[in-house]
There are 2 protein chains.
Amino acid sequence: MVTKANRGNRNATSEDVAQLAGVSQATVSRVFAGGANVSEKKRKKILDAAAALEYKPNAQARSLITRKTMMVGIIMRNIRDPFYSAVLEIFHTRLSPLGYQLIFNNSENEIIEEWEIAKLLEYNVEGIIVTDALLSEGATRKLKRSGIVSILFNRYAEGLNCSAVYCDNYLAAQQIATYLVEMGHRTFAFISGPRNTSTTVDRLKGFREVLLERKIKDLTIIPGTYTYESGFQAAQELLTRNKKIDCIFCGSDIIALGVMDAARLVGFRIPEDLSVVGFDNIRMLGWTPYPLTTWEQPLEDMVTSTVDLLLKEINEKNAVPRIIAMKGHLVIRNTVRKKK
Amino acid sequence: MVTKANRGNRNATSEDVAQLAGVSQATVSRVFAGGANVSEKKRKKILDAAAALEYKPNAQARSLITRKTMMVGIIMRNIRDPFYSAVLEIFHTRLSPLGYQLIFNNSENEIIEEWEIAKLLEYNVEGIIVTDALLSEGATRKLKRSGIVSILFNRYAEGLNCSAVYCDNYLAAQQIATYLVEMGHRTFAFISGPRNTSTTVDRLKGFREVLLERKIKDLTIIPGTYTYESGFQAAQELLTRNKKIDCIFCGSDIIALGVMDAARLVGFRIPEDLSVVGFDNIRMLGWTPYPLTTWEQPLEDMVTSTVDLLLKEINEKNAVPRIIAMKGHLVIRNTVRKKK
DNA sequence: TTAGTTTTTGAATACGTATTCATTCAAGAT
DNA sequence: ATCTTGAATGAATACGTATTCAAAAACTAA
């Protein structure tokens with residue numbers, strides 16, 4: 001038998017609570033939505049009734065009326081890279097206390113197309129964070145028209161009308177190059193991520209500029225995919241050529257690990273025979289086989305900025321997209337040969 | 001001016017589409033909800049109108065009426081462990097094509113309490129997956145009462161009335177122990193995860209049984225936390241004692257990496273001076289410094305089983321909780337000394 | 001006391017969809 | 001032509017909440 005009390009085993013609603021507490025549904029709502037004035041006496045009664053019925057507000061019904069879902073979508077590439085696992089963890093740590101739920105999406109694509117955000121649109125997320133990838137023009141337009149904020153993390157695109165937070169790769173590459181040259185290196189290789197991404201382009205630009213200034217021309221470029229295997233394979237190629245190479249600059253730490261393992265396998269000692277520099281400063285670098293000199297991305301700060309930007313754009317309708325570059329710094333360990 | 005057409009910049013609704021197509025809202029709904037019969041002529045008109053207005057169904061409104069949110073919560077510990085990054089990726093790969101959205105939650109707790117699932121309840125997820133942790137009794141009861149399915153991944157609890165999918169640790173430990181004894185080892189250490197978890201208890205049981213059978217009593221147990229640092233430190237302790245140890249069995253690959261690095265640092269060669277066995281078979285083990293012999297968990301199959309179970313319990317009201325053990329197998333690489 | 005002010009409250013409504021129910025429509029059988 | 005049947009449709013309703021509006025209640029000041 002379905003009585004008023006058990007409602008066929010459905011969860012209690014504000015209506016049920018109202019009935020038990022002897023008030024109207026509106027008053028119950030006022031208690032749980034916060035803000036509005038409710039007399040202490042009734043508030044207490046309502047809270048008691050709610051506890052008795054194990055009442056919890058229904059998020060779907062709520063967002064239907066408030067037009068706020070308090071959900072954010074995150075689309076990640078390369079979640080298996082420890083750098084990005086950390087990114088995800090930190091995003092959750094930041095967003096959860098603000099009451100946002102995080103809808104996780106994995107993608108293997110360099111550019112996120114419309115079909116990949118379709119479900120997030122249906123669910124009316126308030127914002128979308130994209131890490132290590134771009135949004136297609138179509139996707140960006142669609143988001144804009146739907147009034148959904150989007151932010152690129154660790155990538156940016158000039159014409160795209162989309163906010164971004166990234167590590168200043170141009171500056172980083174300049175400083176890395178300067179350091180390497182000062183340490184006496186003359187012939188370089190750069191194992192990058194995919195071509196034509198802001199990350200790769202900026203790093204290449206910064207690195208090249210420094211070399212040009214010093215009249216060094218010896219730079220081999222091998223685009224890769226930010227994976228261990230990609231680094232391993234590129235290094236094998238590089239090191240079995242006739243040409244001697246002083247130093248390999250890697251687009252990510254994971255690439256660098258592949259490079260180091262490949263190099264050691266062919267008999268190169270690091271840093272005596274070959275210097276290696278990474279990028280990211282993932283936690284693993286504290287592990288003994290990989291004392292990698294690298295560029296630390298200010299991960300926590302980058303996430304904080306991203307979340308700030310997200311909130312700002314969610315609240316300020318028509319905010320102008322911003323692109324924020326963050327600095328980072330060189331972490332010197334033990335994979336770059338000292339000056340002779 | 002707010003006209004019928006632009007509705008103050010809100011997204012188009014089924015009502016808008018209906019109006020433009022010259023049909024009723026009900027018919028529009030029938031087209032998008034699928035199943036029901038609609039004449040080809042009108043269907044075409046509706047789809048055209050929907051495309052013109054960029055209509056997409058509103059998930060919140062839909063779930064309010066269908067009582068299905070098509071959302072699943074996942075609560076993960078140790079997301080930085082590559083094993084669990086992979087787990088997350090695979091869960092997404094499996095669930096996404098089924099139309100489920102994945103709400104990601106991170107937790108550092110061994111036991112998930114009620115407050116950690118509260119938001120997921122408000123959002124009416126249809127199920128909750130918990131990896132590498134348990135649900136508290138209170139949380140389990142609450143979920144049950146709310147009609148939300150919960151499944152433990154890689155843990156189980158006897159009395160908890162909660163489904164689980166895990167790797168048969170008892171069996172695994174038995175086979176590992178057998179292998180190690182046959183290889184001639186006699187003194188052992190086991191660096192486990194946290195005490196009193198099913199994982200640790202089962203492995204210990206299996207390992208001990210085999211040793212007992214062979215009258216070997218030399219087993220030192222050090223509980224840890226499934227981290228590199230935990231393994232590193234435990235190994236340092238173990239190896240600087242007077243007591244000689246043949247072989248260390250590690251609760252996870254990541255622990256084993258810490259152990260190997262610590263051992264090498266103290267001058268032990270692996271496997272000549274010390275054998276090490278891991279658990280999980282994470283991808284990193286293909287990397288050259290860590291040719292770890294380990295137990296492979298059938299990751300893909302475990303996720304598949306978990307998803308199957310999840311769907312089954314979501315659809316069959318009152319399904320009996322099931323606990324599924326999966327087998328896995330030994331992967332022999334190069335960190336266990338061969339029989340003399 | 002009374003008039004005026006503020007706070008508290010409930011009835012009614014809207015959010016955007018799926019579904020029920022009754023009605024219309026088209027087609028096939030006689 | 002009529003009757004029967006099944007498909008196609010629209011009107012109305014429900015899902016569970018927040019919010020508006022007007023009424024009621026509780027204070028304040030005189």
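Contact, as used here for the interface, means heavy atoms within 4.5 Å. The model is predicted, and local features need pLDDT of at least 70, side-chain atom pairs count only at pLDDT 80 or more, and totals for chains, interfaces and linings use all residues. Residues are numbered from 1 along each chain as its sequence is written, chains are lettered from A and ligands numbered from 1 in the order in which they are written, and side-chain values use heavy atoms, with hydrogens and water left out.

Of the interface residues of chain A, 100% are also interface residues in chain B, so the copies meet through the same surface. Chain A is superposed on chain B (least squares on the C-alpha atoms of residues with pLDDT of at least 70 in both) by a rotation of 180° with 0.0 Å of shift along its axis, at an RMSD of 0.1 Å. This is the relation of a two-fold axis.

DNA strand C is surrounded by 28 residues, a residue being near the strand if one of its heavy atoms lies within 4 Å of it. Among the closest are Arg30(A) and Ser14(B). Of the strand C atoms that come within 4 Å of the protein, 64% belong to sugar and phosphate.

Polar contacts are pairs of N or O atoms within 3.5 Å. A polar side-chain atom of Arg30(A) lies 2.6 Å from a base nitrogen of DNA strand C. Phosphate oxygens of this strand lie 2.5 Å from a polar backbone atom of Ser14(B) and 2.9 Å from a polar side-chain atom of Tyr55(B).

How values were computed
Polar contact = N/O pair within 3.5 Å; in protein donor to acceptor, adjacent residues only side chain to side chain.
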